[in-house]
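User: Please take a close look at one part of this model, the protein surface around the DNA. Then set that part in the context of the chains that carry it.

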There are 2 protein chains.
Amino acid sequence: MADVARLAEVSVPTVSRVLSGTVRVSPDKRARVEAAIAEIGFHRSGAARALASGTSEVIAVVTGKTSTYGYAEAIRGVEEEARAAGYSVMITVAESGSEADARQAVAMALNQSIAGVVVLKFDAAGVAVLKHIPPGLPVEALAGARQRGVVQAVLEEARAGEELTNYLLELGHRTVHHVRVPASRREDGRTTGWRRALRNAGAPIPPMWEATWDPHTGRPIGRELAHCPDVTAVFCGNDEIAMGVIRGLEDEGARVPEDVSVVGFDDHPLAELWSPPLTTVNQDFARLGRRGFTLLMSQIEGTATTKYSSERAEVIIRASAAPPAGGRGSARRGRSGGRSGGAER
Amino acid sequence: MADVARLAEVSVPTVSRVLSGTVRVSPDKRARVEAAIAEIGFHRSGAARALASGTSEVIAVVTGKTSTYGYAEAIRGVEEEARAAGYSVMITVAESGSEADARQAVAMALNQSIAGVVVLKFDAAGVAVLKHIPPGLPVEALAGARQRGVVQAVLEEARAGEELTNYLLELGHRTVHHVRVPASRREDGRTTGWRRALRNAGAPIPPMWEATWDPHTGRPIGRELAHCPDVTAVFCGNDEIAMGVIRGLEDEGARVPEDVSVVGFDDHPLAELWSPPLTTVNQDFARLGRRGFTLLMSQIEGTATTKYSSERAEVIIRASAAPPAGGRGSARRGRSGGRSGGAER
DNA sequence: GTGAAAGCGCTAACAC
DNA sequence: GTGTTAGCGCTTTCAC
């Protein structure tokens, strides 16, 4: 910057003023400064800027994963909105849900001069991370269970999960089995909705199956499910698991949805292209991310008013769910039997 | 830090020395310092550190997208390796391939004190970005066409694309049609390999179809393809497009692979679960990312020796490709005809 | 409107 | 080993 000042024959503060644009500078000097900047290819040091001004145009996203569908989309949303506002985003991952990892992830974020943090609370890692954020630092939590004292934006899950389960029940299924995805605490919204629907309908609540984030882990579960004659409907924690479960079911000769209905969650880009097209619930993660950044900004600027924001989610009916074979409650599945009703979507 | 020094009754540099760990400090003072740090919950300011030392433990990843499969995985790889080395990663995206966006993305990265940059050259945005990186800054380019003067790590594509096309040709297809994905320049490796195989085999080189990164754009292409009786084999630029193309083909009553063989590229996590399981080429993007960071580090540390690194990619044969109906070169596809050979994988 | 002076929190060079 | 001194590149008073 001193070089620029020398070249433009002005003082260093004047260069700073031109760059910040907040203070009026004479057109003449401004032009000279701009020319000098272009000539040297000068870039302000963010470090010095942060140090001197005590502010920073960087936010951190602390998350458990970066590549998994919902996470990646939420990060994309945050980044897009941040970029539009002139902010850079730093990614900090707490790999496991352990305290040590959480602490380390927070420390890495804190070591940089950060204007605020958005934490993705899709899983246990997010929950752990939130505990270690020092007070005073603007934080925005995305997804997960409602938490007092934290500004939070979520995608409605419980109501939609309940609605999805009810849809299956109304199709005539006696009950709905559930394959969970690693949740942010004992239970996430979709699971809560599932249980609530079953309870309200007086349907039996079968034990849950546990999958990981890897779609392949759904497949062996699907195989096992194929051998449980009482299983006619399965609600999977996300679409990718549903895809794996469907493949596992088919491995054993069960047809979807004729023999078993399977629904997912999220409306993954491939859900509609899947065979059969997945009945699911839409979750706009990118939008959640954008909203998260916006809310974080309003905290940083001190104009925050919203403490909790929930976006509506809706059931998307496609073709992976149908009435049970042989109609309501009957014994079903002569694995080689003819087509059952209800597959005509 | 001054607070810590006061509390521990030592000087500020001593605190710094304890934190950096490079210089010996008496156990007594070290303990007092550590206690003080824990008590206050102190974190060093990265900004001040970068300013004073002229170094930084942050790298930037400049990319065209963050959420699309290959990109997301490569970013994950970079992040994992960076975290292991104590580095933070900043994401900077150049949305379009335009010069303006490229310039802006580079400027955002440069505004932070950065130790180096990894640019994802999967598309035109990456290419544009590389032009704007100032000399002197350590840069590592990932994927894309070979470029002189830039340290680069790639996943072998051309040879594998050629091999994949040859596989189709050997199955008896007269030629192979190609659906491109938005490339980093006129042409990417997979396309080059496809063309080379066709040329070497003396097969006709049909005009290419162009898709975007969205899997849904493959579907209408698949529908059109279904009405071209001479199309018996399609090589898609990536697995997601292949999934869309397959669905489009099926929309029009064409069966895969009995009527038309379709292959993808990347070995997406869902490729194996797809119906039919996709014949494809594996691309370990996360590994590419890890390698990218490692190579960047060796540049930063001045121990760089590798200028160009290429990782082997292999054809993965599954069930979406088979010999053409009616055998080599014959007219095919009585859309309702019996099963053709070759679907028995 | 503009320059001079001070200082952000840290590390590096130097003395001891 | 440890404290003192200087200074990284900016922004921010404060005069003028």
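Analyst: **The surface near the DNA**

DNA strand C is surrounded by 24 residues, and the closest of them are Ser26(A), Met1(B), Pro13(B), Ser16(B) and Ala52(B). A residue is taken as near a molecule or strand when its C-beta atom, placed from the backbone, lies within 6 Å of it. The model is a predicted one, in which local features need pLDDT of at least 70 and side-chain atom pairs count only at pLDDT 80 or more, while totals for chains, interfaces and linings use all residues. Residues are numbered from 1 along each chain as its sequence is written, and chains are lettered from A and ligands numbered from 1 in the order in which they are written.

Two or more residues of the surface near strand C come from each of helix 2 and helix 4 of chain A, and from each of helix 2 and helix 4 of chain B. Helices (H or I, at least four residues) and strands (E, at least two) are DSSP runs, counted from the N terminus. By residue class, the surface near DNA strand C has 13 nonpolar, 7 polar and 4 charged members. In this scheme Ala, Val, Leu, Ile, Met, Phe, Trp, Tyr, Cys and Pro are nonpolar, Asp, Glu, Lys and Arg are charged, and the others, Gly among them, are polar.

For DNA strand D, there are 24 surrounding residues, and the closest are Met1(A), Pro13(A), Ser16(A), Ala52(A) and Ser26(B). Here the elements that give two or more residues are helix 2 (12-20) and helix 4 (46-53) of chain A, with helix 2 (12-20) and helix 4 (46-53) of chain B. The surface near strand D is made up of 13 nonpolar, 7 polar and 4 charged residues.

How are chains A and B related in space? A turn of 180° with a shift of 0.0 Å along the axis lays chain B on chain A with an RMSD of 0.1 Å, the superposition being by least squares on the C-alpha atoms of residues with pLDDT of at least 70 in both. The two copies are therefore related as by a two-fold rotation axis. Both copies use the same surface for their contact, as 100% of the contact residues of chain B recur in chain A. Residues are in contact if their C-beta atoms, placed from the backbone, lie within 7 Å.

That contact takes 40 residues from each side, that is, 40 from chain B and 40 from chain A. On the side of chain B that touches chain A, at least two residues come from each of helix 4, helix 5 (69-84), strand 2 (88-93), helix 6 (99-111) and helix 11 (239-251) of chain B. This side of chain B divides into 20 nonpolar, 13 polar and 7 charged residues. Helix 4 of chain B thus appears twice in this account, on the surface near DNA strand C and on the side that touches chain A.

Chain A as a whole has 12 helices and 12 strands. The domain assignment, automatic or from a database, gives domain 1 (2-44), domain 2 (54-156 + 285-313) and domain 3 (157-282 + 316-331) of chain A. Between domain 1 and domain 3 of chain A, the C-alpha centres are 62 Å apart. Along its principal axes, the C-alpha atoms of chain A fill a box of roughly 90 × 35 × 30 Å. The radius of gyration of chain A is 26 Å, whereas a compact globule of 345 residues would be near 20 Å; the radius is taken over C-alpha atoms, and the globule rule is 2.2 Å times the number of residues to the power 0.38.

Of the 345 residues of chain A, 53% are buried. Buried means that 20 or more other C-beta atoms lie within 10 Å of the residue's own, exposed means 12 or fewer, and partly exposed is in between, with C-beta atoms placed from the backbone. Pro27(A) is in helix 3 (residues 27-40) of chain A, and it counts as exposed because it has 8 C-beta neighbours inside 10 Å. Pro27(A) and Ser310(A) are 283 residues apart in sequence, and their C-alpha atoms are 48 Å apart in space.

Definitions and conventions. Contact = placed C-beta atoms within 7 Å.
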